[in-house]
2 protein chains.
Amino acid sequence: MSEAAIQTYTRADEAFDCLQTAIVKGDLVPGEKIGEVELCSRFNLTRGPLREALGRLESRGLLVRRPHAGVKVVSVSAEELMELYRIRETMEGLAARQAAERMTDDEIADLQATLDSHEKMIEQAQGQAYYQAEGDYDFHHRIATGSRNTKLAQMLLGDLYYMVRMYRYRLSTSSGRPHMALEEHRRIAEAIAQRDGELAEFLMKRHINAARKNIETKIHNGTLSI
Amino acid sequence: MSEAAIQTYTRADEAFDCLQTAIVKGDLVPGEKIGEVELCSRFNLTRGPLREALGRLESRGLLVRRPHAGVKVVSVSAEELMELYRIRETMEGLAARQAAERMTDDEIADLQATLDSHEKMIEQAQGQAYYQAEGDYDFHHRIATGSRNTKLAQMLLGDLYYMVRMYRYRLSTSSGRPHMALEEHRRIAEAIAQRDGELAEFLMKRHINAARKNIETKIHNGTLSI
DNA sequence: AGTCTATAGATTGTTGACAATATGATCACT
DNA sequence: AGTGATCATATTGTCAACAATCTATAGACT
């Protein structure tokens with residue numbers, strides 16, 4: 001094993017993961033004030049590691065803390081969610097371009113194989129958006145790491161995705177346009193396979209822009225509420 | 001005062017600031033392993049707040065921590081520094097575009113006034129790059145906040161700038177092209193004043209790209225070593 | 001002689017108690 | 001009666017001792 005899994009899993013890491021998934025899954029409601037002792041009893045933790053985890057989460061912008069007053073999950077407005085997508089658009093565009101230049105042939109083959117399995121999933125689980133959401137996450141994850149840009153991957157995977165996923169869960173349905181998204185993924189992968197960075201960037205930006213517009217119209221329709 | 005300063009400044013915040021500036025200024029050498037107790041005695045802190053600060057710094061990617069083994073300042077290779085600039089290029093391009101669309105007239109006037117004072121500073125302090133570096137930081141800071149994109153500003157100001165500044169200090173000289181940089185700033189400000197987002201984005205990307213190339217050639221020359 | 005194992009030391013992770021601060025309710029005053 | 005200040009409570013921030021883990025040194029074995 002070259003890259004071993006985390007050898008020692010510290011309590012603080014545990015706390016961090018627990019809280020993060022709780023926030024993403026919506027178990028911790030945005031805006032609601034939550035006490036430290038309550039969190040401790042809820043996740044079987046002690047306050048030390050918990051506070052360390054809270055610090056990390058705050059630094060990542062998932063929750064906001066006021067000294068001596070308490071901590072609450074950050075609540076994102078519709079506008080801010082749209083801003084998040086605009087950031088993703090530019091950053092993932094860059095990631096796609098660099099991925100086209102730097103992914104190994106094996107990685108690209110894997111990427112395309114992944115898309116095949118996504119297609120099967122979509123066909124099997126008609127209308128069940130969950131697989132699509134996971135698949136989408138998987139696809140973007142691979143490209144982010146494929147960019148070989150450590151900091152970029154860190155920002156994308158560590159910061160942005162969790163915020164986006166947080167709202168994916170809430171407006172659970174996900175896009176509802178699985179076939180179209182898959183098709184867009186295919187084209188991006190194709191551009192990467194042809195080592196056409198410029199095209200990959202363009203297609204990725206358009207892909208995320210389309211997702212943003214899709215959500216935006218749903219919000220305006222009233223189909224979706226944040 | 002609408003946005004009051006931090007009412008209560010906790011020890012953890014103090015620790016965070018101390019460590020961050022120490023890292024940026026180079027008092028804490030990258031790669032070197034540092035013990036918690038040593039840091040405590042050095043900054044007159046106790047281990048509790050220190051550890052919380054360490055967690056935040058780690059989450060921001062300024063240092064890396066291995067459980068039970070210790071913590072060391074992250075060391076960035078020349079390639080990674082270039083990657084950082086590529087990220088800045090796209091993100092600040094976006095910031096400039098949104099700033100052109102959203103900054104108030106007052107803010108734009110302030111921005112241009114800032115450039116005037118920068119010009120005077122450069123003339124007065126011939127060759128002293130410090131003012132230029134600070135001025136540059138100031139300019140980009142204003143545009144980041146002017147974008148009205150909370151998350152974008154947070155990522156730029158909270159994550160990227162500190163890493164870049166860290167190396168600015170080390171290769172202290174800064175660009176050594178103050179007049180040219182100022183001229184580029186002027187053009188960007190002008191584009192923003194004319195509410196031409198597309199142009200502002202283009203000019204900003206070119207500006208950062210030029211800065212990147214400047215450093216890159218210096219590294220190849222051997223003028224600069226990381 | 002080289003390599004592997006085991007132990008000692010030091011360092012980090014964790015815990016529970018203590019101090020400082022914000023919130024909410026009570027009471028006096030206008 | 002409504003508003004302001006004061007105080008009690010509960011919660012957060014901080015501290016110092018304890019437990020768990022890693023690293024380095026020394027020894028035994030192949």
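## Close-up views of the predicted model

**View 1. A:N44, a residue that counts as exposed at 63% relative accessibility.** Welcome to the first stop in this predicted model. The cut-off for exposed is over 50%, so A:N44 with its 63% qualifies. Look for A:N44 in the loop that links α2 (36-43) to α3 in chain A. The backbone deserves a second glance: A:N44 is not a glycine, yet its phi is positive, near 55°. For background, most residues other than glycine have a negative phi.

**View 2. B:H68, in the loop between β2 (63-66) and β3 (70-73) of chain B.** Here is another residue other than glycine with a positive phi, about 65° in this case. Is B:H68 buried or exposed? B:H68 is exposed, because its relative accessible area is 82%. B:H68 also has polar contacts with DNA. Through a backbone N or O atom, B:H68 sits 3.3 Å from a sugar or linking oxygen of DNA strand C. Through a polar side-chain atom, B:H68 is 3.5 Å from a sugar or linking oxygen of DNA strand D.

**View 3. The protein surface around DNA strand C.** There are 20 residues around this strand, and A:R11, A:T46, A:R66, B:R47 and B:R51 come nearest. Which helices each supply at least two residues of this surface? They are α1 (11-25) and α3 (47-59) of chain A, along with α3 (47-59) of chain B. Sorted by class, the surface near DNA strand C comprises eight polar, six nonpolar and six charged residues. On the DNA side, sugar or phosphate accounts for 82% of the strand C atoms within 4 Å of the protein, and bases for the rest.

**View 4. Two arginines of chain B, B:R47 and B:R51, at DNA strand C.** What does the side chain of B:R47 approach on this strand? An N or O atom of that side chain is 2.7 Å from a base nitrogen of DNA strand C. For B:R51, the partner is a phosphate oxygen of DNA strand C, which lies 2.2 Å from a polar side-chain atom of the residue.

**View 5. The protein surface around DNA strand D.** Now for the other strand: 19 residues surround DNA strand D, with A:R47, A:R51, B:R11, B:T46 and B:R66 the closest. Both α3 of chain A and α1 (11-25) of chain B supply at least two residues each to this surface. The classes here are seven polar, six nonpolar and six charged residues. Of the strand D atoms within 4 Å of the protein, 83% belong to sugar or phosphate, and the remainder are base atoms. Backbone atoms of chain A take part too. A polar backbone atom of A:E36 is 3.2 Å from a phosphate oxygen of DNA strand D, while one of A:H68 is 3.3 Å from a sugar or linking oxygen of that strand.

**View 6. A:R51, in helix α3 of chain A.** You have just met A:R51 among the closest residues to DNA strand D. With a relative accessible area of 28%, A:R51 is partly exposed. Setting aside neighbours within four places in sequence, its contacts are A:E36, A:R65 and, from the other chain, B:E52. For a sense of distance, the C-alpha atoms of A:R51 and A:L203 are separated by 42 Å, with their positions 152 residues apart along the chain.

**View 7. A:M91 and the largest nonpolar core.** This core has 128 residues, and A:M91, A:I192, B:M91 and B:I192 have the most contacts inside it. Which residues is A:M91 in contact with, beyond its neighbours within four places in sequence? From chain A they are A:L152, A:M155, A:L156 and A:L160, and from chain B they are B:I87, B:M91 and B:M155.

**View 8. A:R165, in helix α7 (residues 150-170) of chain A.** Is this arginine buried or exposed? A:R165 counts as buried, because its relative accessibility is 18%. Not counting residues up to four places away in sequence, A:R165 touches A:V24, A:E134 and A:Y137.

**View 9. Chain A superposed on chain B.** A 180° rotation with 0.0 Å of shift along its axis brings chain A onto chain B, with an RMSD of 0.1 Å. The two copies are therefore related as by a two-fold rotation axis. The same surface serves both copies, as 100% of the contact residues of chain A recur in chain B.

Terms used: Residues are numbered from 1 along each chain as its sequence is written. Chains are lettered from A and ligands numbered from 1 in the order in which they are written. This is a predicted model: local features need pLDDT of at least 70, side-chain atom pairs count only at pLDDT 80 or more; totals for chains, interfaces and linings use all residues. Side-chain values use heavy atoms; hydrogens and water are left out. A residue is near a molecule or strand if one of its heavy atoms lies within 4 Å of it. A polar contact is a pair of N or O atoms within 3.5 Å; within protein, one must be able to donate a hydrogen and the other to accept it, and residues adjacent in sequence count only if both atoms are side-chain atoms. Helices (H or I, at least four residues) and strands (E, at least two) are DSSP runs, numbered from the N terminus. Ala, Val, Leu, Ile, Met, Phe, Trp, Tyr, Cys and Pro count as nonpolar, Asp, Glu, Lys and Arg as charged, and the others, Gly among them, as polar. Copies are superposed by least squares on the C-alpha atoms of residues with pLDDT of at least 70 in both. Contact means heavy atoms within 4.5 Å. Buried means under 20% relative accessible area, exposed over 50%, partly exposed in between (1.4 Å probe, protein chains only). A nonpolar core is a set of buried Ala, Val, Leu, Ile, Met, Phe, Trp, Tyr and Cys residues joined through side-chain atoms within 4.5 Å.
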